[in-house]
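Trainee: I have a model open and would like to go through one helix and a few charged pairs. Where do we begin?

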Amino acid sequence: VDPLGPATSALTAQQKQNILGGEATMWSEYVTPENVDSRIWPRTAAIAERLWSPQSVQSIPSMYARLAAVSTKLTYDGLQHQSSYPMMLRRMTGDPDPVPLRVLGNVVQPPRLYVRRHLGSYDAFTPLNRLVDAVPPESDTARRFLELADRLASQKATPPDWDQARQLLTRWRDNDGQLQPMLGRSQLTEDLRPVSAHLKQVAEIGLEAADLLQHHRASTSQWRARQLAILQKAGQPEAVVVNKVVPAVTQLVEATALR
């Protein structure tokens with residue numbers, strides 16, 4: 001939000017001079033010392049930049065690219081916004097390198113705004129040690145895949161783009177078979193079973209849609225309706241996390257109507 005943007009357009013020049021700065025508020029209902037860094041950083045750097053940059057600096061892709069560099073520097077400075085995630089996954093599973101759980105965790109994120117309070121019962125003594133507490137607030141993997149899906153859907157994809165999309169979707173499809181045995185070992189992960197199963201289902205739909213698009217074949221309206229209904233269900237919060245691959249696959253399915 002630009003502090004001198006449309007919301008303040010009615011102010012006079014003198015009134016605008018009274019705007020001294022801004023703030024980033026960290027609500028602490030669902031944070032602990034373990035994961036608080038990941039909720040604050042590196043996102044607060046983007047807010048800080050908005051406050052000090054010219055209004056013309058508005059490139060979202062540029063922001064994400066530079067945010068990645070800032071994130072690395074923050075790690076060097078000792079912040080734990082990246083290190084807490086893998087450590088929490090290890091504790092949840094008892095596995096020193098729970099790759100299948102990380103594959104799932106990389107494409108989900110906590111529900112936005114105040115949705116979480118309607119998905120469970122929380123008080124000051126509730127342990128914050130589930131996947132929703134471990135994953136970052138935004139899935140970089142899913143965001144990049146959405147950019148990739150946009151190129152596929154608009155027929156602007158390169159051959160490497162098609163290969164990368166197929167590799168990612170295949171990995172997500174096959175991950176369920178590796179992850180399900182791991183999930184049953186702990187009460188901290190057992191509720192992720194449907195989340196993993198739905199990721200597999202979403203990836204299967206994505207592979208089918210990508211195949212139609214790449215070979216310039218149109219889908220039937222009945223097929224699209226079935227897949228979109230499945231995707232709508234898979235996009236709802238489960239185990240208090242949201243599958244963020246769903247928007248990209250939805251875009252691919254909808255694009256098959258145009259071929």
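Mentor: Start with D140, which at 37% relative accessibility counts as partly exposed (buried is under 20% relative accessible area, exposed over 50%, partly exposed in between, with a 1.4 Å probe and protein chains only). This is a predicted model, where local features need pLDDT of at least 70, side-chain atom pairs count only at pLDDT 80 or more, and totals for chains, interfaces and linings use all residues. Residues are numbered from 1 along each chain as its sequence is written, and side-chain values use heavy atoms, leaving out hydrogens and water.

Trainee: Which residue forms a salt bridge with D140, the closest N and O atoms being 3.3 Å apart?

Mentor: A salt bridge needs a side-chain nitrogen of Lys or Arg within 4 Å of a carboxyl oxygen of Asp or Glu. The partner sits three residues from D140 in helix α8 (residues 140-153), so about one helical turn separates the two. At 17% relative accessibility the partner is buried. The residue is R143.

Trainee: Which residues of α11 are buried?

Mentor: Helices here are DSSP runs of H or I, at least four residues, and strands are runs of E, at least two, numbered from the N terminus. Seen down the axis of α11, the buried residues fall within an arc of 90° (taken from the directions from the helix axis to the C-beta atoms), so they line one face. They are W223, R224, Q227, L231 and A234.

Trainee: Which exposed residues does the face of α11 turned away from its buried side carry?

Mentor: The buried side includes Q227, with a relative accessible area of 9%. The face turned away from that side carries Q222, Q232 and K233.
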